[in-house]
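Visitor: I would like to learn how to read the features of a structure such as this one. Could you take me through them, giving the general idea before the particular case?

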Amino acid sequence: MSRIGYKEIVLPAGVEVTQEGQMVTVKGPKGELTRKFSSAITMHVEGLSVKFTRESDDKSTRALHGTMRANVNNMVLGVTEGFKKELELIGVGYRAQLQGKKLVLNVGYSHPVDFEERANLTVEVPANTSIIISGISKQEVGDLAAEIRAVRPPEPYKGKGIRYVGEHVRRKEGKTGK
């Protein structure tokens, strides 16, 4: 049994959590995040801590209890510290570059692949084979990183492709021949 839902969230200085009906808003030094949550879980803001209680003990409500607590904790972390994903391009001729507000990837196709800038996210290309995505919403940062990785996921024979920094790609042997 998970006990994540029972842990209280301690709010850092400068962070404000408010709830209006099912909408939870977290304001902090880096910005503001709003999200809609289930009414089966009640949130109590007491000074500098946030606690969650559930009405019933059925399976779906227990799952929502921990999920809601984790999502609000991620919102608090996002408006204070922010989130960051790093990608690396591995392959001959693979490169990334920023052209104005657009990310342009050359990853072995006959055409470059473009990604438009998204609100609340910053994309940096410190070297032509690395990409850093940062923002206050963990979900939006992860979604954009997954979309970029899906353009050319790492393949198991040579290891070429776009991968997260530190990601292990299981390699296969290939043809053995006679």
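**Reading the domain interface**

Guide: The area buried between domain 1 and domain 2 comes to about 650 Å², and carbon and sulfur atoms give 57% of that area. Please keep in mind throughout that this is a predicted model.

Visitor: Why begin with an area when the size of an interface is to be described?

Guide: The general idea is that the size of an interface is often given as the accessible area lost when the parts come together. In the present case the two parts are domain 1, covering 2-79, and domain 2, covering 81-162, and their centres, taken over C-alpha atoms, are separated by 31 Å. Nine residues from domain 1 and seven residues from domain 2 take part in the contact.

Visitor: Which residues of domain 1 lose the most area to domain 2?

Guide: They are K30, N74 and L77, which together account for 55% of what the side of domain 1 buries. If one asks instead which elements contribute, β4 and α1 (59-80) each supply at least two residues of the side of domain 1 that touches domain 2.

Visitor: How many salt bridges and how many residue pairs in polar contact are found between the two domains?

Guide: For salt bridges the rule finds zero across the interface of domain 1 and domain 2, whereas the count of residue pairs in polar contact is four, with both residues at pLDDT 80 or more.

**Reading the sheets**

Visitor: Let us turn to the strands; what is the order in the open sheet that contains β4?

Guide: A general point helps in reading any sheet: in a regular strand the side chains alternate between the two faces of the sheet. The sheet you ask about has three strands in the order β2-β3-β4, and its pairing is antiparallel. Because β2 (16-20) and β4 (31-36) each have a single partner strand, they stand at the edges, and one side of each is left without a neighbour in the sheet. Direction ignored, neighbouring strands of this sheet are turned by 15° against each other on average.

Visitor: How many bridges hold the pairs β2 with β3 and β3 with β4?

Guide: β2 and β3 run antiparallel and are joined by five bridges, one of the pairings being that of Q19 with V24 in β3. Between β3 (residues 23-28) and β4 there are six bridges, again in the antiparallel sense, and here M23 has K36 in β4 as its bridge partner. The link from β2 to β3 is a hairpin with two residues between the strands, and G21 in the turn has a positive phi of about 70°.

Visitor: Which strands are at the edges of the sheet with the order β1-β6-β5?

Guide: This is another open sheet of three strands with antiparallel pairing, and its edge strands are β1 (9-10) and β5 (41-46), each of which pairs on one side only. β1 meets β6 (residues 49-54) over two bridges, with V10 standing opposite S49 in β6, while six bridges join β5 to β6, and I41 has R54 in β6 as its bridge partner. β5 and β6 form a hairpin with two residues between them, and G47 in the turn has a positive phi of about 70°.

Visitor: Where does α1 lie with respect to these strands?

Guide: α1 lies across β1, β5 and β6, and it runs at about 165° to β6.

Visitor: Finally, which strands pair with β7?

Guide: β7 (residues 83-90) pairs in the antiparallel sense with β12 (residues 130-135) over six bridges, where K85 has I133 in β12 as its bridge partner. β7 is also joined by four bridges to β13 (residues 161-164), and these two strands run antiparallel, with Y164 in β13 as the bridge partner of L87.

Technical notes
Residues numbered from 1 in each chain as written. Heavy atoms only, no water. Pairing = 2+ DSSP bridges. Axes fitted to C-alpha atoms, helices over the stretch in contact; angles between N-to-C directions. Domains from an automatic or database assignment. Contact = heavy atoms within 4.5 Å. Buried area = accessible area lost by both parts, 1.4 Å probe. Salt bridge = Lys/Arg side-chain N within 4 Å of Asp/Glu carboxyl O. Polar contact = N/O pair within 3.5 Å; in protein donor to acceptor, adjacent residues only side chain to side chain.
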